[in-house]
Amino acid sequence: MNDEADNTGRVMRVAASFGARFELTPDGLPSADPIPARPRGKKLKPVAGDFVRARPLEGEKDWQIEEVLERA
């Protein structure tokens, strides 16, 4: 999977989910500093282990999950 940051976001893996809040890790690797994220809209339902495309929210530390990538 391509995890390059570009105009469509960056591919990351969901490390943990807490209701509508998520923790992401770049490259799917464990991280001491997971990235807080929330989904765009109510239809996105990522679960731990999913790869997602996300982008940083301007002026916030959270990222926004734009899409859940197809599971293998």
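I began by fixing what counts as pairing in this predicted model: two strands pair if DSSP finds at least two bridges between them.

With that settled, I followed the sheet round and found that five strands close into a barrel in the order β1-β2-β3-β5-β4, with mixed pairing. I then looked up the twist and noted that neighbouring strands of this sheet are turned on average by 55 degrees against each other, direction ignored.

Next I took the pairs one at a time. Strand β1 (residues 10-18) and strand β2 (residues 21-26) run antiparallel and are joined by six bridges, and I checked the register at A16, which stands opposite E23 in β2. Two residues lie between the strands in this hairpin, where G19 takes a positive phi near 70 degrees.

From β2 I moved on to strand β3 (residues 35-39), which pairs with β2 in the antiparallel sense over three bridges; here F22 stands opposite A37 in β3. The pairing of β3 with strand β5 (residues 63-68) is parallel and also rests on three bridges, and I recorded P39 opposite I65 in β5.

Which residues make up the largest nonpolar core? I listed eleven: M12, V14, F22, L24, I35, A37, L44, V52, A54, W63 and I65. Each of β1, β2, β3, β4 (51-56) and β5 supplies at least two residues of this core.

Lastly I looked up one core member, M12, and its contacts. Leaving aside neighbours within four places in sequence, M12 is in contact with L24, T25, P26, I35, D50, F51, V52 and W63.

Notes:
Residues numbered from 1 in each chain as written. Predicted model: local features only at pLDDT ≥ 70, side-chain atom pairs only at ≥ 80, totals over all residues. Heavy atoms only, no water. Helix = DSSP H or I, 4+ residues; strand = E, 2+ residues; numbered from the N terminus. Axes fitted to C-alpha atoms, helices over the stretch in contact; angles between N-to-C directions. Core = buried A, V, L, I, M, F, W, Y, C linked by side-chain atoms within 4.5 Å. Buried < 20%, exposed > 50% of the residue type's maximum accessible area, 1.4 Å probe, protein only. Contact = heavy atoms within 4.5 Å.
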